[in-house]
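Subject: Structure handover

Hello,

Here is the structure I promised to pass on. Please have a look at it first; my notes follow below.

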Amino acid sequence: MKKLQMTTSGTPPLIGASSTTWRDIQWQKVEVNVYRLQMRIAKARREQRFNKVKALQWLLTHSLEAKLLAVKRVTSSQGAKTPGVDGKLYQCDSKKMQLALSLKQHGYKAQPLKRVYIPKRNGKRPLGIPTLYDRAMQALYLLAVEPVAETQADPNSYGFRPNRSTADAVERCFKVLCNKHSVQWILEGDIKACFDKISHDWLLKNIPMERRILKQWLEAGFIEKQTLFPTTEGTPQGGIISPVAANIALDGLEEVVQQAASRKSKHKAHTVRYADDFVIMGVSKELLENDIKPAIEEFLAERGLSLSLEKTKITHVEKGFDFLGFNVRKYQGKLLIKPSKSGVTAFLRKIGEVVKTHKAITAYELISMLNPKIMGWGYYYRHVVAKKTFEYVDDCIYRCLSYWTRRRHQKKNFTWIRKKYFHSKGTFNWIFFGTQEKKDGKKEVLDLNKMARIPIKRHVKIIQEATPYDPAYTDYLADRKQNRNDKLYHYNRVSTLNLFSEKHWLVK
């Protein structure tokens, strides 16, 4: 294998500069050098030096360090074991290195996507799976596009952006609606097939990257049942670059809404967007219906998009609305945010399916499958008014498992079943548990986690102007990330120790 070349920044990415193995790469140094160039791209964009932006993007996408980092991110992701239409995987270190060295823009031809379907509440959602090579190319160009996208993004856009989450979007809704004299009317926006209908012409004109490469991805087509289908619109769901492309297309919506509101009202309309889901909060129904909604429709039409007439509606805050799985509603003037009923029902249905389809496994194995789901769902809603919901969900899971135990031992009485599957610890009773014998002959006991034990703690919303490519917010985001890592450490430790055997489950 040939020696790795120096990067365009003049710094060797490897230990000793002469090493050629994947494991010898100094990844921290690689990430720092790539990030430094991304910061330069963002600075040039803030200064509106667009030629400088293009030059720095070219430098980044042709640098070896960026190619190495792109391959690392693709091959270490959850989808690394899912091949595209070529069936190729890059799991060993030598193949990863070969993939990084083979990423070239000249003569690049994107391959068609592999069409797969994933379950959705109202049917199935189509996904397009690119090949690993195409994914690595998209990850490479994402490194160059993201700094520009972050610099020009709407302040209250929270989906598919670094350091932002649904909790930030929901907390923004709370801050806008919680006061006594806050706005009262909400436009629930739903874009009809956003990823499938977005205009290729608009994307090619406005996405800040090489048009020839982007056109390859947009027009690659997909293969289903050994048949090639062309794509003339939309960006594929499943592509690495697609979420950022959709965000760029929808950026500017917040400004359009504010301009439409300022024509008729002294009060501003407030926009909160997470990817293609958004809510507009205004002072009156007429303002939303007659001024803001037409402005949004005009904005979307330029991008080949339209609002869904069935799902787009205007509601009063006292009636409430669902957003990102949360229900936001005022009760006698007090704003409460809770898990939505549809979200609770969907989660319990998933738990029921797991229990129902695993009738013959041991209690230990069943608990091992349920605990991650319980804790994951609970931690998603841990920032809102969810204590009663958690208790209700725990009760439903208990009833489901109780039926599971009775079905397995139809000839055993209640006392025998309770002794075998339930025990008490401290002040907690009816804890479902399972045992498994280890290699040393000892038995390991595993308890089912109780969602009601998850502490409710208010989420601190990110500063809306904060971006990782602005040096003014570097320390702020670093501190925020450190605090989150500390909480995750507590969560992982508690999950391992089973929440009941130790007393350090509280997030400090």
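Is Ala275 buried or exposed? Ala275 is buried, because its relative accessible area is 7% and the cut-off for buried is under 20%. Please keep in mind that this is a predicted model.

Ala275 has a second point of interest. Its phi is positive, about 60°, although Ala275 is not a glycine. The residue sits in the loop between β6 and β7.

Gln226 makes a useful partner for reading. Phi of Gln226 is near 60°, again a positive value in a residue other than glycine. Gln226 also lies in a loop, the one between β4 (222-224) and β5 (227-229). But Gln226 is exposed, with a relative accessible area of 82%.

Now the chain as a whole.

- The chain contains 17 helices and 14 strands.
- It has 508 residues, and a compact globule of that length would have a radius of gyration near 23 Å; the chain has 26 Å, which agrees.
- The C-alpha trace spans about 75 × 65 × 50 Å along its principal axes.
- Of the 508 residues, 49% count as buried.
- Among contacts in the chain with a separation of 6 or more, 68% come from residues 24 or more positions apart.
- The exposed area of the chain is about 27100 Å², and carbon and sulfur atoms supply 51% of it.
- Side chains carry charge as follows: 90 are positive and 49 are negative, and the centres of the two sets lie 6 Å apart.

Next, one helix to look at. Helix α11 covers residues 253-262. Its buried residues are Leu253, Glu254, Val257, Ala260 and Ala261. Seen down the axis of α11, these fall within an arc of 130°, so they line one face of the helix. What do the buried residues of α11 pack against? They pack against two helices, α10 (242-250) and α12 (285-301), and two strands, β6 (270-274) and β7 (277-282). The loop that holds Ala275 joins the picture here, since it lies between β6 and β7.

Last, Thr467. Where is it placed? Thr467 is in the loop between β14 (443-447) and α17 (474-497). This residue is buried, with a relative accessible area of 7%. Leaving aside residues up to four places away in sequence, Thr467 touches Glu150, Tyr473 and Leu477.

Best wishes

Note on methods:
Residues are numbered from 1 along each chain as its sequence is written. This is a predicted model: local features need pLDDT of at least 70, side-chain atom pairs count only at pLDDT 80 or more; totals for chains, interfaces and linings use all residues. Side-chain values use heavy atoms; hydrogens and water are left out. Helices (H or I, at least four residues) and strands (E, at least two) are DSSP runs, numbered from the N terminus. The radius of gyration is taken over C-alpha atoms; the globule rule is 2.2 Å times the number of residues to the power 0.38. Buried means under 20% relative accessible area, exposed over 50%, partly exposed in between (1.4 Å probe, protein chains only). Contact means heavy atoms within 4.5 Å. Accessible areas come from the Shrake-Rupley method with a 1.4 Å probe; for residues, only the protein chains shown count as cover. Lys and Arg count as positive and Asp and Glu as negative; His and the chain ends are not counted. The place of a charge is taken as NZ of Lys, CZ of Arg, CG of Asp or CD of Glu. The arc is that of the directions from the helix axis to the C-beta atoms.
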